[in-house]
Amino acid sequence: MKLFMVHVGFYDEEVGEGLYESHINFFITASNAKSAKKKAFNMEQFKVKKMHIDGIKEILDVEGYRVVLEKTSHTNKSKVYSYNESKKL
């Protein structure tokens, strides 16, 4: 399994009357880029916002550290630091 960053764009009617294109990145695990693309297309948020893919990046390393994915039974255990929490770091 590999890690991919899928960079998507969309026009949101609730922001600027849909005139401006917004962007977001999804991190997706897949065996290859084609599978990552398919997973993105199947995401509910992708469909609802009528998103399109601007690019896909396979992430092999970050700042000199190799990225290794390990299967786990845990989900959503990441720590999110809020705006105020991150200011205090």
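**Exercise 1.** In this predicted model, find which residues Val-8 contacts, leaving aside neighbours within four places in sequence.

*Solution.* Start with the 20s: Val-8 is in contact with Ser-22, His-23, Ile-24 and Phe-26. Then move further along the chain. Val-8 also meets Phe-46, Met-51, His-52, Ile-53 and Asp-54.

**Exercise 2.** Place Val-8 in the largest nonpolar core and say which element supplies the largest share.

*Solution.* The core has 11 residues, Val-8 being one of them. Its other members are Phe-4, Val-6, Phe-10, Phe-26, Ile-28, Ala-30, Ala-36, Ala-40, Phe-46 and Met-51. Next, assign elements. β1, β2 and α1 (33-41) each give at least two residues. β1 has the largest share, with 4 residues.

**Exercise 3.** Classify the aromatic pair Phe-41 and Phe-46, then state how accessible each ring's residue is.

*Solution.* The structure holds 1 aromatic pair. The ring centres of Phe-41 and Phe-46 are 5.2 Å apart, and the planes meet at 50 degrees. Stacked needs under 30 degrees and edge-to-face over 60, so this pair is tilted. Now accessibility. Phe-46, at 6%, is under the 20% cut-off and therefore buried. Phe-41, at 37%, is partly exposed.

**Exercise 4.** Describe the setting of Asp-12: where does it lie, is it buried or exposed, and what does it touch?

*Solution.* Asp-12 sits in the loop between β1 (2-11) and β2 (21-30). Its relative accessibility is 12%, so Asp-12 counts as buried. A polar atom of its side chain lies 2.9 Å from the backbone nitrogen of Glu-14. Beyond four places in sequence, Asp-12 touches Glu-17, Gly-18, Tyr-20 and Lys-49.

Conventions: Residues numbered from 1 in each chain as written. Predicted model: local features only at pLDDT ≥ 70, side-chain atom pairs only at ≥ 80, totals over all residues. Heavy atoms only, no water. Phe/Tyr/Trp six-rings, centres within 6.5 Å; stacked < 30°, edge-to-face > 60°. Buried < 20%, exposed > 50% of the residue type's maximum accessible area, 1.4 Å probe, protein only. Polar contact = N/O pair within 3.5 Å; in protein donor to acceptor, adjacent residues only side chain to side chain. Contact = heavy atoms within 4.5 Å. Core = buried A, V, L, I, M, F, W, Y, C linked by side-chain atoms within 4.5 Å.
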